[in-house]
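Dear colleague,

I am passing on the structure we discussed, and below it I set out what was found in it. Please read the text with the structure open beside you.

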Amino acid sequence: MKRERPHVVVTRKLPEAVEARMRELFEVRLNTADRPMSHADLAQAAREADVLVPTLTDRIDQTLLAAAGPRLRLIANYGAGVDHIDVATARTRGILVSNTPGVLTEDTADMTMALILAVPRRMAEGLALMQEGRWEGWSPTAITGHRIWGKRLGIVGMGRIGQAVARRARAFGLQVHYHNRRRLHAETEAGLDATYWESLDQMLARMDIVSVHCPHTPATYHLLSARRLQLMKPSAYIVNTARGEIIDENALIRMLKRGQLGGAALDVFEKEPAVNPDLVGLPNVVLLPHMGSATEEGRLEMGEKVILNIKTFADGHRPPDQVLP
Ligand code: DGY
């Protein structure tokens with residue numbers, strides 16, 4: 001696409017600085033409301049735009065793409081995960097898709113590390129004690145959790161974020177194991193001091209903590225199924241900062257209630273923004289509102305990536321972060 005100022009529709013309120021820069025560069029229609037557009041408004045936007053900038057709260061499915069106008073040429077996602085976009089259908093309609101990889105890696109890994117510590121060390125219970133004014137002073141037996149140093153961490157999905165978690169985990173004395181579709185290059189694996197498991201089942205059965213970092217695709221939907229969760233040690237913890245759909249949430253809840261798992265720390269859920277009420281209030285569970293990548297710095301960098309993808313595309317080149325189906 002070669003146009004002076006592409007017509008860009010942004011579906012969700014973005015940081016001021018990102019919006020201002022977009023206004024300078026493009027003909028922009030911004031959604032000033034900090035909530036997702038209705039499907040009808042989204043379809044209207046897709047009819048009018050050269051470039052659509054959605055977020056993970058927009059469903060860019062076949063119906064939406066069928067409603068898109070002939071001028072829609074690029075979907076420049078504000079976010080790394082693209083499981084809300086039907087990338088294959090977009091491609092058949094000649095619409096490119098780009099995302100914002102890399103800039104959320106370290107922030108998401110930090111939050112994962114916080115969650116890896118949170119459940120074994122009973123941080124939520126401690127916090128509640130303080131906030132509710134119930135603390136009666138130090139006691140040798142109160143709120144004792146479990147040590148993570150020396151324990152085995154199993155990383156499911158060893159991409160950018162999985163590797164960033166592995167680096168942090170080593171510093172906390174965890175033994176790092178991983179399962180990935182493809183084994184890492186020997187040098188990378190050695191640098192991370194990580195042990196590869198070809199069999200996810202076998203890895204799950206041996207780990208003290210399992211942290212999920214693969215993308216959500218049809219192949220990873222319920223990758224951690226009821227059967228696989230049952231392979232885990234009854235004392236094991238599970239952490240998810242990737243996508244809720246990768247874990248069978250109902251099976252997880254059943255197991256947590258029956259004490260068949262040590263606990264869970266979840267930043268993502270199967271039916272966001274709805275959170276299964278059975279999860280709330282479980283003592284061995286920490287829940288966060290999908291905030292793994294939520295830093296001011298990261299959100300600005302995501303905006304810069306979106307802008308670069310659009311600019312490059314408008315100059316007649318492939319966006320640097322093009323996503324292939
Ligand atoms: C993404 O970009 O996919 C993240 O989940 C947002 O936090």
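**Strands, cores and ligand shell**

Strand β6 (residues 152–156) pairs with β9 in the parallel sense, over 4 bridges, and within that pairing L153 has I209 of β9 as its bridge partner. Please keep in mind throughout that this is a predicted model.

β9 also pairs with strand β10 (residues 237–240), again in the parallel sense and over 4 bridges, and here the bridge partner of I209 is Y237 in β10. Between these two strands the chain passes through helix α10 (residues 226–231), and the resulting β-α-β crossover is right-handed. Strand β9 (residues 209–212) is covered on both faces, since I209 and S211 on one side are buried, as are V210 and V212 on the other.

A similar description can be given for the start of the chain. Strand β1 (residues 7–10) and strand β2 (residues 27–30) run parallel and are joined by 4 bridges, with H7 standing opposite E27 in β2. Together with helix α1 (residues 16–25), β1 and β2 make up a right-handed β-α-β unit.

Turning to the interior, the largest nonpolar core contains 51 residues, and V176, A264 and A265 are those with the most contacts inside it. Helix α5 (residues 105–118) supplies the largest share of this core, namely 6 residues. Apart from this core lies another, of 38 residues, which includes V9, L42, A49 and I310. If you would like one residue to look at, A265 is in contact with L115, A118, V119, Y237, V239 and V286, once its neighbours within four places in sequence are left aside; Y237 is also the residue of β10 that is the bridge partner of I209.

Which residues surround the ligand? They are L56, G79, A80, G81, L104, G292 and S293, and by class this shell has 3 nonpolar and 4 polar residues, with no charged residue among them.

Finally, is R318, in the segment after α12 (296–314), buried or exposed? R318 has 11 other C-beta atoms within 10 Å, and because a residue with 12 or fewer counts as exposed, R318 is exposed. Its C-alpha atom is separated by 9.4 Å from that of S98, although R318 and S98 are 220 residues apart along the chain.

With best wishes

Conventions. Residues numbered from 1 in each chain as written. Predicted model: local features only at pLDDT ≥ 70, side-chain atom pairs only at ≥ 80, totals over all residues. Core = buried A, V, L, I, M, F, W, Y, C linked by C-beta atoms within 7 Å. Buried ≥ 20, exposed ≤ 12 C-beta atoms within 10 Å, placed from the backbone. Contact = placed C-beta atoms within 7 Å. Near = placed C-beta within 6 Å. Nonpolar A, V, L, I, M, F, W, Y, C, P; charged D, E, K, R; others polar. Pairing = 2+ DSSP bridges. Right-handed = clockwise from strand over helix to strand, strands pointing away.
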